[in-house]
Amino acid sequence: MDKKAVSALLDEIAVLLEIKGESPFKTIAYVKAARALLDHPGGLDEIIRETGLKGIKGIGDGIRPRIIEMHETGHCSYYDELRASIPDGLIDMLRVPGLGPKRAKQIYDALGVASIGELLYACNENRLVSLPGLGPKYQQKLIESIAFLTRHAGRFLYPDALAEAVRLRTLVIESGLASRVEIAGSLRRKKETVKDIDILVATDEPDRVSDLFVSLPGVESVTGKGPTKTSVTLASGIAADLRTVTPEQYPYALHHFTGSAEHNTKMRGRAKRLGLKMNEYGLYRGEEIVPCESEEDIFRALGLAYIQPELREDMGEVEAAESGDTPRLIEQSDLVGLFHMHSRYSDGKDEIAEVAEAARSRGYRYIGITDHSKTAAYAGGLKAEDLQRQQAEIDAVNQKYDEFRIFKGAEVDILPDGTLDYPEEILATMDFTVCSIHSKFRMTEEEATARVVKAMDNPYFTIFGHPTGRLLLAREGYPLNMKRVIDAAAERGVAIELNAHPQRLDIDWREMHYARERGVKIAISPDAHALTGFDDVVYGVGIARKGRLGPADVLNTLTAGQFMEFVSAGRMKRTRRQ
Ligand code: DGT
Ligand code: CA
Ligand code: ZN
């Protein structure tokens, strides 16, 4: 087991201990050890070899041998013991958002509820309200959470599925049995969540490729094995389909299996109108194949400019390609700077100087530091005096650089009444702000929209942070009339964030088309709480491409000077409106 797997298992032990009602100290010790291990530099092999796990703050004597056992044997007898003493259904219930281990155990003990289905039944029968500390509101929340879970069941976050897909692809390539191997489906389209992995292979030896595929490490079960399609389920729970075609069929198949189904339907309709027939194996005029060596050739044969995979969602991309232009979509290398990062002053892990150096070494020319504002106490929100110290420190670090700049900002809470969480005289000390909602999510669409629009009236509002507050596969956002929000942003010279965290990817790409039309700039932001957060930028770029954004649509392609002009233009616009 590697560091990540061991750390995850320690976290699981903590959860099991909590279900068992063990002392909180014991539980916390495992959570701390998990965290400490993850944060310790280097791989697990290296850490154990160099330290024997001794002298690492957070890893105590009791837990050390368990980690070594996991590392050496790939499992943990203590965990196995705990796990065997708790019903599977009870563990499964923890997938319900908002249901923690303690409450799950309470409901299990009192009502004998031991599965998600039984839990839903018990809620609908109004049985939870009789339990101490649980009321009708909580019961209703669980009903909604279960509905959410069912709706999103069987989907995976993009980076999780991508990592598995890349691993499988590499192994197939290394076999030397295939001339082409590509990840297709929703992963190739860079969708925020995916149902499964689709891998397409061009080969003259389909049987050998299929045999190899089912024997790859991580394959837990084989769910289908036909002449052209092999289906497996991986240990991580993700299903993967492998399709084999001949090298001649490959371009047509690549287009077909990239999808989306809706895009394909549109393309087939177009082919038909041109007197052609299109399927996964070819493009035909009567009996004769229209020869294509690449996807570009296929689009050309249909009188279309090339359409990048990210755009193939039947969101107007086929119509746009009729005019012959392939849009220049944003690339990571277009990003000049990054906004929205946290430092140690609030809930970030690193010093401002470290964040700056990490950004600079990755080629960025500026960053915006945005620690949390005072009301966000759970995230170490900054009081006025902390902010002063933080800004002095930024000034000091900025002194060291000529060609790099740290902008002073804050992630300012938009309070329930639509005011910002700092008074004007404090906001005036900042170069810019990211303003976001972190409290009182339960609002009607009208209330939420009014809250945001009112906040945007404030001249110091620069970027609207993670607009819907959603957490993919875990939590729906608050209801927001995004069209009205985008209109308001356009009128006030406010930018909107595309939060690049893979669980957020918020604003949604489907809304970005309208933002682009209205000329609202989108800031692709890592919302980094540690240096690893820089790695998330690529996911934001992928989603921005799905939203058809080019360099001119993105706020952080501006130079530092242009950005300052953007901020003051927005301020002036709003001051004049007041
Ligand atoms: P998902 O749900 O994340 O797996 O999304 P996809 O797009 O990967 O969907 P999937 O795995 O069911 O199918 C892979 C590709 O196969 C899809 O992108 C397009 C093609 N395909 C699947 N079903 C249909 C269909 O009913 N009609 C057409 N024209 N193409 C389809
Ligand atoms: Ca798929
Ligand atoms: Zn936030």
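**Exercise 1. Find the volume and the lining of the largest cavity.**

*Solution.* Start with the volume: the largest cavity holds about 70 Å³ of space. A cavity is, on a 1 Å grid over the protein atoms alone, a set of points where a 1.4 Å probe fits but cannot get out. Grid points are joined across faces, edges and corners, and a volume is the space filled by probe spheres set on the points. Rolling a probe the size of a water molecule over the atoms shows where empty space is left.

Note what kind of model this is. The model is predicted: local features need pLDDT of at least 70, side-chain atom pairs count only at pLDDT 80 or more, and totals for chains, interfaces and linings use all residues. Residues are numbered from 1 along each chain as its sequence is written, chains are lettered from A and ligands numbered from 1 in the order in which they are written, and side-chain values use heavy atoms, with hydrogens and water left out.

Next, list the lining. Lining residues have an atom within 4 Å of a point. For the largest cavity they are Tyr252, His255, His256, Asn264, Arg268, Met278, Asn279, Gly282, Leu283 and Ile298. Helix 13, helix 14, strand 8 (277–279) and strand 9 (282–285) each give two or more residues to this lining. Helices (H or I, at least four residues) and strands (E, at least two) are DSSP runs, numbered from the N terminus. Helix 13 has the largest share of the lining, three residues.

Last, sort by class. The lining of the largest cavity has four nonpolar residues, five polar and one charged. Here Ala, Val, Leu, Ile, Met, Phe, Trp, Tyr, Cys and Pro count as nonpolar, Asp, Glu, Lys and Arg as charged, and the others, Gly among them, as polar.

**Exercise 2. Place the second largest cavity among the domains.**

*Solution.* First, get the domains. They are domain 1 (3–151), domain 2 (153–246), domain 3 (248–326) and domain 4 (332–577). Their bounds come from an automatic or database domain assignment.

Then take the cavity. The second largest cavity holds about 40 Å³. Its lining includes Tyr158, Lys190, Leu505 and Tyr539. Helix 23 (residues 537–546) gives the largest share, four residues. Now conclude: domain 2 and domain 4 both give residues to the lining, so the second largest cavity lies between them.

**Exercise 3. Describe the surroundings of ligand 1.**

*Solution.* Begin with the shell. 15 residues surround ligand 1, and the closest are Arg155, Ser186, Arg189, Lys195 and Asp196. A residue is near a molecule if one of its heavy atoms lies within 4 Å of it.

Go on to three distances. An N or O atom in the side chain of arginine 155 is 3.1 Å from an oxygen atom of ligand 1. For serine 186, a polar side-chain atom lies 2.5 Å from a ligand 1 oxygen. For lysine 195, the value is 2.9 Å, again to an oxygen atom of ligand 1. On its own, ligand 1 has 590 Å² of accessible area, and the protein covers 71% of that. Accessible areas come from the Shrake-Rupley method with a 1.4 Å probe.

Now find the elements. Helix 11 (185–188), strand 4 (196–202), helix 13 (250–258) and helix 14 (261–273) give two or more residues to the shell. Helix 13 gives the most, three residues. By class, the shell has three nonpolar, seven polar and five charged residues.

Why does ligand 1 lie between domain 2 and domain 3? Both domains give residues to its shell, so ligand 1 lies between them.

**Exercise 4. Locate two backbone features.**

*Solution.* Take the peptide bond first. Glycine 259 and serine 260 are joined by a cis peptide bond, with omega of about -5 degrees. Serine 260 lies in the loop between helix 13 and helix 14.

Then check phi. Lysine 440 is not a glycine, yet its phi is positive, about 45 degrees. Lysine 440 sits in the loop between strand 14 (434–436) and helix 20 (445–456).

Conventions: A polar contact is a pair of N or O atoms within 3.5 Å; within protein, one must be able to donate a hydrogen and the other to accept it, and residues adjacent in sequence count only if both atoms are side-chain atoms. On a 1 Å grid over the protein atoms alone, a cavity is a set of points where a 1.4 Å probe fits but cannot get out, and a pocket is an open set with protein on both sides within 12 Å along at least five of seven lines; lining residues have an atom within 4 Å of a point.
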